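Q: I have a sequence and a structure to look at, and I would like to learn how to read them one feature at a time. Could we go through them together?

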Amino acid sequence: MRHSKSGKKTFYDRFGWFILIACFCCIPFAFIGAGNAVQSNVNKVEDWLPKGYTETNELSWFRKNFPSDQFVLISWDGCQLSDAADGDPSGDDPRIAKLLDLVAPTVADPSDQDAVEAKKYFKGATSARSLISQLTTGQHPLSYTEAIERLKGSVIGPDGRQTCVIVSLDPATTAKLKPILGHGQMRIFRPNVPPGVLRRLIAKAGIDDADLHMGGPPVDNISIDEEGEKTLIRLAGFSGLLGLVLAWWSLRSIVLTWIVFSCAVTSAAASLAMIWATGETVDAIVLSMPSLVYVLAISGAVHFINYYKDAVREGGLHGATERAVIHALKPAILCSVTTAIGLISLCASELVPIRKFGLYSATGVIILNVILFLILPAALHVIRYARRWDNEKPVESMKTPSNTPSTGERFWATVASFIVRNHFGVSLGTVFLVGFIGFGLSKTKTSIDLLELFDSQAKILQDYRWLEEKLGMLVPLEIVVEFDPDSIAKTEAKTNEAKSAEATKTEEAINDDLTRLSFLERMETVVRIQDVIKQKFGEEGTKIVGRSMSAATFASSLPSSGTSTQTYLTRRTYNKTLESNREEFMKSGFLRTDDQTGSELWRISLRVAAFQGVDYGQFVTELKDALFPIIQAQHDRVRILRQVAVWTGEAKMVGKEIVLWDPMIRGLSEEEATKSKLRSDELVNLLAKSRVKVSRLEASPSSIPLVQMQKLNDVDAVVMTGSFSNGEVGTLGVTLDRVIDLQSDDSKTPKQWVNSVYTGVVPIVYKAQRALLTSLVESTLWSFLTITPLMIFVTRSFRAGLVAMIPNVVPVIVIFGAMGWLGIPIDIGSMMTASIALGVAVDDTIHFLSWFRGDLNHYRNRNTAIVACYAKCGTPTLQAACISGLGLSVFALSTFTPTQRFGWLMLTILIAGVVAELILLPAILAGPLGKVFEPHQGRHSAMGKMILIFRYRVRKRFERKSQTDKKDKSGSKFQSAA
């Protein structure tokens, strides 16, 4: 019979075909799920952080109130305004107006698919010409030259002519950007995917793709989408080819190579399908996962075939599949568990793409083992390819004295003997080397620069360089100045209606009216913030921030402040004009009212340099420090005016005298002194708008005579704004009648009426950058803490398990320490390598220690066992590292920088792991720490005894089964001869 010579059916004789048919029926679903998963590819920077984070919530709140931040900036060679001195629009590039008409059609023709989609996806479009028209008309128009100057660095270039078109996307329809901005896709056996509607409209406007330059957050996201898909296709091709070569080189059989390849491809597809089945979407990082699973599946399949081959040679064809499965199951489980632990530890990261990659890659490792142990044994059994191995003699044990060592074994034995003799020097030298390089860990830095995610020749980088040179900076940062409803003064109309009730107002109500801010004063606060940004970070400072935009950009020049009646009347008239144009400011997209809180929100839009190496974390911190005095001065103003009104019993502040005492003395650093002065300057400016007479005093209290000090009681209030000691505060409180200490807490002070929120891409990137280093430490630590118990279980000793982890940790310390010394920043791809490499490298340690323990039991001498073990493990360990390293180095061919960095680092860490495995581990085993691996008779732990009993019973069971099979085989031969 075909199933066996003995007539006794085995498991795979009965169910082999059934398993294959069942698996083949399920395989199409895996590939369908994988295809659906790839189609769900979405990359948004704001989705990198969990939803509960402050930065994520603030960005969601901002986009709810200002949805126009989803913009695409479009420009091209020749996109210029008229060069006429009067700004005649007839000289503008005609393609600007044509593109505006196409993107924002007045009436959409139902038969025009592009017009219908434009209505669906776009909220509107803006050009520099429309903004110029808005600025040069109205009650207080600007000149054409002034309007051009105000818009330079945002929508008009430094030359005053180069311009752009800004298209605002509808946030309700931008979950998928391919229909809007995709380049299109050529497909086989399926209809091609056309370019996005915006690209089609740009082509209709007569703009060549070679001249086109686009930027903005949606462009960043779609570029990451398409780069991730290119990486998947490129890695799939290279991984497939490399897998075929490695499989054929290991097996030297086309049939077996095809089986292994099929299992690996199915494993990769099933791992992707799992993402779709759980309702998640893929991103550019997760798209690297199928290639990783594919390489690991190739390695696992080759190992199983070798087990199967040995089973056929040692026990014959009958029952070989079952024996191979039993023999391969334990090492496969151990290797899978360690690798999966290394991957699952990435879930400790705060970054969502890394967590997804770790979770689904670990799931993929489990899936590939299920597929391998289902399809591969059944396929090998059914095709009966192993008949050619049935008559081959089994390889003799290497412990047999007659077995002549090969050249490679003699080489490795020589190396091992040298290490054993000089184990102290090798260990000491390694400790010093690792300690020195590992000190570089203190110098490591992280980087998540969106533009560094792409290859240096990527189209998006070329576009951004062109746009920054021709127009202005592009990386968005949004500041929202939030005015509490109680801080907003009533409009002029409402004020007139309330005059009749003014006599009945309470003192608190009068104080409220006194401290409220008019529309003009709120706009001046925003302008003041813009001026500080320009002075410190803009063209007058470090030049890392371009021209900012706000609602004030669309207003004419603001009137000056002062205490005169004429100035007061001028400002009042101007404030009426601003209030009457409030709806126009709302339409600009820079002014909103929060529907939930009623607060008035003023948006200040900044653009940060993309190619100047800006440290976003340091920039955000410095920006907050620079703007804090302006925000705080508003709070101080309310506190001072309310207190003066209480002391004087008058609501009007005209003619009131206030002294700001700000002694620039002891204990203040230059930075603190600058902030204190800025706060005082801003406070003087705010009080002047309330028509208060303000004078400043900078002398220290000890230098002022008592008589002159007592004269300060003649003013309405003395405000202590500087740095005073506790003793000075107490003395002044006794000497002066009306003192306000701004450094002290005051429970009567109203809530913070003016707040600022910093959001946009920059804070998200900054938070992700901070989370990256934390994620590296936490994931590596969790990987170590979870793999170490497994090593303790394998070595059956707590101390031996800890010692065995040393050569696995060293490569991570060395590589990342070297990155610190060399100044190479850690990015998303780098962060993932540590814990994954730790999980993969442990496999070699398990195999090495397994051989070492057997040789130690055989020779009863540690040094001899090390040499014997080293001679047998040297070549396989090096081969395994080369196969894993080459398999994972295919990631280095990616044009997506994190994936590329991941490939190079995995190869480097695995090579460093081999060096540690073949040099440091033998030296440790030969030294004092190696004593923990020596067997102690009669001193086994309870777990050790259980393991020994279990192994003894399993061995006896297989011995009895082997004897029964031999008897059955000999009996069948006797019957055949008879």
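**Reading sheets and helices**

A: Let us begin with one pair of residues: Glu-657 stands opposite Lys-693 in strand E9. Please keep in mind throughout that this is a predicted model.

Q: How many bridges join strand E8 to E9, and do the two run parallel or antiparallel?

A: Strand E8, which covers residues 657–661, is joined to E9 by five bridges, and the two strands run parallel.

Q: In what order do the strands of this open sheet lie?

A: When reading a sheet, one follows the pairing from neighbour to neighbour. Here the four strands of the open sheet come in the order E9-E8-E10-E11, and their pairing is parallel. The edges are formed by strand E9 (693–697) and strand E11 (739–741), each of which pairs on one side only. From one strand to the next, the twist averages 25°.

Q: Which helix packs on the sheet, and which strands does it touch?

A: Helix H23, made of residues 616–648, packs there and touches E8, strand E10 (717–720) and E11, while its direction makes about 155° with that of E11.

Q: What does a strand look like when both of its faces are covered?

A: Strand E7, residues 600–608, is such a case, since nine of its nine residues are buried, a word that here stands for under 20% relative accessible area. On one side lie Glu-600, Trp-602, Ile-604, Leu-606 and Val-608, and on the other Leu-601, Arg-603, Ser-605 and Arg-607.

Q: Which strands pair with E7?

A: Strand E5 (residues 475–483) pairs with E7 in the antiparallel sense over nine bridges, and within this pairing Trp-602 is the bridge partner of Val-481. Strand E6 (residues 591–593) also runs antiparallel to E7, joined to it by three bridges, with Arg-592 partnered by Leu-601. E6 and E7 form a hairpin with six residues between them, and Gly-598 in the turn has a positive phi of about 80°.

Q: How should I read a helix, for instance H2, and which of its residues are buried?

A: An α-helix has 3.6 residues a turn, so residues three or four places apart point the same way. Helix H2 (residues 54–65) has 12 residues and reaches 17 Å from its first C-alpha to its last, close to the 16 Å expected. Its buried residues are Glu-55, Thr-56, Leu-59, Phe-62, Arg-63 and Asn-65.

Q: How many helices and strands does the protein have, and what share of its residues counts as buried?

A: The protein has 33 helices and 12 strands, and 52% of its 978 residues count as buried.

Terms used: Residues are numbered from 1 along each chain as its sequence is written. This is a predicted model: local features need pLDDT of at least 70, side-chain atom pairs count only at pLDDT 80 or more; totals for chains, interfaces and linings use all residues. Side-chain values use heavy atoms; hydrogens and water are left out. The expected span of a helix is 1.5 Å times one less than its number of residues. Buried means under 20% relative accessible area, exposed over 50%, partly exposed in between (1.4 Å probe, protein chains only). Two strands pair if DSSP finds at least two bridges between them. Axes are lines fitted to C-alpha atoms, for helices over the stretch in contact, and angles run from 0 to 180 degrees between N-to-C directions. Contact means heavy atoms within 4.5 Å.
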